[in-house]
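Biologist: Before I trust any of the labels on this one, I'd like to hear what stands behind them. Can we go through it together?

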2 protein chains.
Amino acid sequence: MKEKLNPWESTDISDYDKLIQNFGIKPMQKYCSKLDDFHLIRRGIIFGHRDFEKIFSHITSGKKYVLMTGLMPSGRFHLGHKMVADEIKYFQTKGAKIFVCAADIESYLMRGIPLAEARQTAVEEYLTNYLASGISMENLTFWFQSDYITPYYLLRDMLARRPTFNELKAIYGQLSTEKIISSLTQAADILHPQLPGLGGKRPVLVPCGADQDPHIRLTRDIAKRETEYDFTPPAAVYHKFMKGLTGGKMSSSDPKSYVALLEEPEVAAKKIMSAKTGGRESLDLQKKEGGKPNECVVYELCLYHLTLDDLELSRVYHECVEGKRLCGECKKQCADSLKKYLKQHQRKAGKVRGLAEEIASKKRC
Amino acid sequence: MKEKLNPWESTDISDYDKLIQNFGIKPMQKYCSKLDDFHLIRRGIIFGHRDFEKIFSHITSGKKYVLMTGLMPSGRFHLGHKMVADEIKYFQTKGAKIFVCAADIESYLMRGIPLAEARQTAVEEYLTNYLASGISMENLTFWFQSDYITPYYLLRDMLARRPTFNELKAIYGQLSTEKIISSLTQAADILHPQLPGLGGKRPVLVPCGADQDPHIRLTRDIAKRETEYDFTPPAAVYHKFMKGLTGGKMSSSDPKSYVALLEEPEVAAKKIMSAKTGGRESLDLQKKEGGKPNECVVYELCLYHLTLDDLELSRVYHECVEGKRLCGECKKQCADSLKKYLKQHQRKAGKVRGLAEEIASKKRC
């Protein structure tokens, strides 16, 4: 069985040759004499590498490269950590530009260490000892993970502690990194209007289709469990879905199924004329038994959007079920009404287009 | 069986009553007459809610609340989307402050839509139609998810498309949201020195303990697969671990196992005096068969840190294996050498402490 390396539970590694055999780490041997001014290399304490050839060639040719390292800001800086300090110091003299990351987001997520405590440890224990060990601040970039984050994304990352993995699986089925990041980002989208600087704790209503309820439930659960922030769980209202014009789903990927608000009114009108109605098989049957408005896309269009007057809508409904309204004429009325609406809407859209650009180009960070 | 709602694959929902029974969504009925100036509520198209009582009480008492909604910037804005526009418009007249999020990070992660394309769709289709539908820009905050992100975290989020879930499982074992976020953040930590504004594509060396190789492998794989950015996969060198002073692991959680660089030199010296050596059971046996420096924590301290002169170290080694060096005296020499080192180091640390604070307080965003 392969040896398993777990970077979050410092492993007792007994046999370094095995790592070389099992994981493709390359032996460092040939550099023992080439970089013999560094005892950790000369003595084989640095025993393996990946792609060090490239770095070595940059060192010998004097080309620019970077040494990047991270520190987990917890506990005291001890002799075990000193090896990294010695490595930084050595490669700094060999032309490396140094990047040191204090992993405070990680120490919060993996160990629950508050950001302020991590910051103190990083300065008092790590950075102080690095500098005292002779690392120069000349070519040094030192930062906290949280330094590059905005309150919005800090919230998103902090929220990652709240949902359990099983909960996410129950909600989203087969998981992926994309789904996890997206769902946490949505939670932050919904909760961030309650951030102290952005309005503070207050009720938030999310109107959405019923299919979005899983996100809402997750966000409500997260909000209730969150301890670093104080949130009111978001409220929601759910609306039904319109059927597609051809009877199936209304879907952006099938232009025949929808009417876009900015499409040519004449084209839209034609879509209505060939929409699936609740009409009977024959004219005679329709006159006798009446139509089925509840199964009719055209009626749904009136119900949801086009006929805002209830009396008028009720008249249409009753005429239909009583067989007094036939589909051809009804579709034509609907198409006319839609054309009128679209023309009016598109006139307005033309006027606000510039404003939309302006609103969207506002800088946030 | 419970109906399953999948928010990323718009479901065909046939029976809205089932949602109320199965998921605890509450019926909207009692508001049909209370908010009869909105046809989507009056006509039962908005059929269910969570916590709407709270929002309703804020509406009736004139207290402040927020309406938050998100849009997925893909495809055309059609009559199906118009319901949300109508909801925004209605609640805006009922005192809601409006927050509209264009989910461009999500549309990149879930559908691979480039951020620039998402931005264009959001303005041309969504925002334009919102405004043309009568939504006022007065109480409206509109933003892209990417507006609040810095290049560092944008990189982190973009990288989320690269690892497969099975790969993460193989590397980290049992997964959690915390591990996923932390590992992607580490990848961004390591790769961000190659961002265009931060130095561009160049070799990066990561010196670390062998246990960190899984992170390195993941980051190298991600770097190779990444298409939005151009990275050189990071190089790495791996060092061995020092044993703890008491023979087990050197661990921050067990002060007897380590020497901290800022601890009292006298206390540290005492730890050496009681450290586990490679000495034999008796003085006689040691003189006869020699000690075992390769199993000796004290020798390791000299090898890794205290005796930088190879000749001197070699002398210690040979005296030990030849039985000419006994543990008591050897430990005392090591302890003295450690004390001397610690005192000198701590003098330097006192001088650079202020500088450390200064470096760490640099603003990044």
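**Two sheets, shared strands**

Modeller: Sure. Start with an open sheet of 7 strands, ordered E1(B)-E2(B)-E7(A)-E6(A)-E3(B)-E4(B)-E5(B), with mixed pairing. Strands E1 (26-27) and E5 (140-144) of chain B are at the edges; each has a single partner strand, so one side of each is left without a neighbour in the sheet. Bear in mind that this is a predicted model.

Biologist: What makes E3 and E4 of chain B a pair?

Modeller: Two strands pair if DSSP finds at least two bridges between them. Strand E3 (residues 65-71) and strand E4 (residues 96-102) of chain B have 7 bridges, in the parallel sense, so they count as paired. In that ladder B:Val66 stands opposite B:Lys97.

Biologist: And which helix lies across strands of both chains there?

Modeller: Helix H4 (residues 52-61) of chain B lies across E6 (204-209) and E7 (235-239) of chain A together with E2 (46-50) and E3 of chain B, and runs at about 100° to E7(A).

Biologist: What is the strand order in the sheet that holds E3(A)?

Modeller: The order is E1(A)-E2(A)-E7(B)-E6(B)-E3(A)-E4(A)-E5(A), an open sheet of 7 strands with mixed pairing. Its edge strands are E1 (26-27) and E5 (140-144) of chain A, each pairing on one side only.

Biologist: How do you know that E3(A) pairs with E6(B)?

Modeller: The cut-off is at least two bridges. E3(A) and E6(B) have 2, in the parallel sense, so they pass. Towards E4 (residues 96-102) of chain A, strand E3 (residues 65-71) of chain A has 7 bridges, and these two strands run parallel. A:Leu67 shows both contacts: it stands opposite A:Ile98 in E4(A) and opposite B:Leu205 in E6(B).

Biologist: Why is E3(A) called largely enclosed?

Modeller: A residue is buried if 20 or more other C-beta atoms lie within 10 Å of its own. 7 of the 7 residues of E3(A) are buried, so the strand is largely enclosed by the rest of the structure. A:Tyr65, A:Leu67, A:Thr69 and A:Leu71 point one way, A:Val66, A:Met68 and A:Gly70 the other way, and all are buried.

Biologist: Why is the crossover from E3(A) to E4(A) called right-handed?

Modeller: The test is to look with the strands pointing away from you: a clockwise path from the first strand over the helix to the second is right-handed. Here the chain goes from E3(A) through helix H5 (residues 79-93) of chain A to E4(A), and this β-α-β crossover is right-handed, so its path runs clockwise in that view.

Biologist: What puts the buried residues of H4(A) on the same side?

Modeller: The buried ones include A:Phe52, A:Ile55 and A:His58. They cover an arc of only 120° around the axis, which puts them on the same side of H4(A). On the other side, A:Ser57, A:Thr60 and A:Ser61 are exposed.

Biologist: What covers the buried residues of H4(A)?

Modeller: The cover includes helix H2 (30-34), E2 and E3 of chain A together with E6 and E7 of chain B. After H4(A) comes A:Gly62, with a positive phi near 75°.

Key
Residues numbered from 1 in each chain as written. Chains lettered and ligands numbered in written order. Predicted model: local features only at pLDDT ≥ 70, side-chain atom pairs only at ≥ 80, totals over all residues. Helix = DSSP H or I, 4+ residues; strand = E, 2+ residues; numbered from the N terminus. Buried ≥ 20, exposed ≤ 12 C-beta atoms within 10 Å, placed from the backbone. Arc of directions from axis to C-beta. Contact = placed C-beta atoms within 7 Å. Axes fitted to C-alpha atoms, helices over the stretch in contact; angles between N-to-C directions.
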